[in-house]
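Thank you all for coming; I would like to spend a few minutes walking through one model. Please have the sequence and the structure open in front of you while I talk.

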Amino acid sequence: MPVQAPQWTDFLSCPICTQTFDETIRKPISLGCGHTVCKMCLNKLHRKACPFDQTTINTDIELLPVNSALLQLVGAQIPEQQPITLCSGVEDTKHYEEAKKCVEELALYLKPLSSARGVGLNSTTQSVLSRPMQRKLVTLVHCQLVEEEGRIRAMRAARSLGERTVTELILQHQNPQQLSSNLWAAVRARGCQFLGPAMQEEALKLVLLALEDGSALSRKVLVLFVVQRLEPRFPQASKTSIGHVVQLLYRASCFKS
């Protein structure tokens, strides 16, 4: 039976033994499915499959590379590894090395967030990255680039991170009033019920409030939260009208966590 998946904030420790990754015994090994487990725990598995989602591990565990991006975040010395040669050819091997280096450089943006014990995110530390950006970057860092499944997952994670970066840059440099005006114009253009200027602004503020800490809320929960908070002042608020607003925001990838 699969065990409970690890919290994304505990990305510097093995989710099975809960010990911090290191360069000797507990080397972080990322699997094609996107989960990372220390080598000691991997060697103890009864079957060759991810303990969290039961995805088959197609590559010999001894041939899977150590996740050096994670090791550098815990301050460990990066061990020398045998050069990786992909069966798909020399060109793909070259691309693998380049991609691996890029991920390691991006991972350094998570360095200030490591807690004193190096086992997760320190919520008291100020970061240049928003919570959603942190989560997307952690997802990318956990991708394994040797297997095709891992490379596909990495490309999706990199694209998501890039889209979020562009979105946040636009939000930071756009006039807030103009942004709000454009957003609600788009809502009305999609046939959403007109909420009225006052309720429009309150609904947007509540959506931002609910998602500002990077919480992975479902759309249903988010809609109910907004409607419940609006009802005392706006009895006409409905799940249908607010649902259209939330749907638009998610499609625009503005507030994905």
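**Overall fold, cysteines and two helical regions**

The protein chain has nine helices and two strands as its secondary structure, and I should say at the outset that what we are looking at is a predicted model. If you follow the sequence from its start, the elements come in the order β-β-α-α-α-α-α-α-α-α-α.

Let me stay with the whole chain for a moment. The protein chain holds 257 residues, of which 43% are buried, and its accessible surface comes to about 14,600 Å², with 53% of that surface belonging to carbon and sulfur atoms. When we take contacts between residues at least 6 apart in sequence, 57% of them join residues at least 24 apart.

Now to the cysteines. How many disulfides does a search of the whole structure find? The number is zero, and two cysteines let us see the reasoning. For C33, the closest cysteine sulfur is that of C50, at 3.6 Å, and because a disulfide requires the two sulfur atoms to be within 2.5 Å, that distance is too far for a bond. The sulfur of C38 has its closest cysteine sulfur in C41, at 3.5 Å, which is likewise too far for a bond. As for their surroundings, C33 is buried, with a relative accessible area of 7%, and C38 is also counted as buried, at 0% relative accessibility.

Next, helix 4, which spans residues 131–141. Why do I describe helix 4 as largely enclosed by the rest of the structure? Because eight of its eleven residues are buried. The buried residues in this helix are P132, M133, Q134, K136, L137, V138, L140 and V141, so if you colour the helix by burial, these are the positions to look for.

Finally, I would like to turn to one residue, V227, which sits in helix 8, a helix running over residues 219–230. Is V227 buried or exposed? Its relative accessibility is 7%, and because the cut-off for buried is under 20%, V227 counts as buried. If we set aside the neighbours within four places in sequence, the residues in contact with V227 are A237, S238, K239 and I242. In the other direction along the chain, L206 is 21 residues away from V227 in sequence, and the C-alpha to C-alpha distance between V227 and L206 is 9.4 Å.

Definitions and conventions
Residues are numbered from 1 along each chain as its sequence is written. This is a predicted model: local features need pLDDT of at least 70, side-chain atom pairs count only at pLDDT 80 or more; totals for chains, interfaces and linings use all residues. Side-chain values use heavy atoms; hydrogens and water are left out. Buried means under 20% relative accessible area, exposed over 50%, partly exposed in between (1.4 Å probe, protein chains only). Helices (H or I, at least four residues) and strands (E, at least two) are DSSP runs, numbered from the N terminus. Contact means heavy atoms within 4.5 Å. Accessible areas come from the Shrake-Rupley method with a 1.4 Å probe; for residues, only the protein chains shown count as cover.
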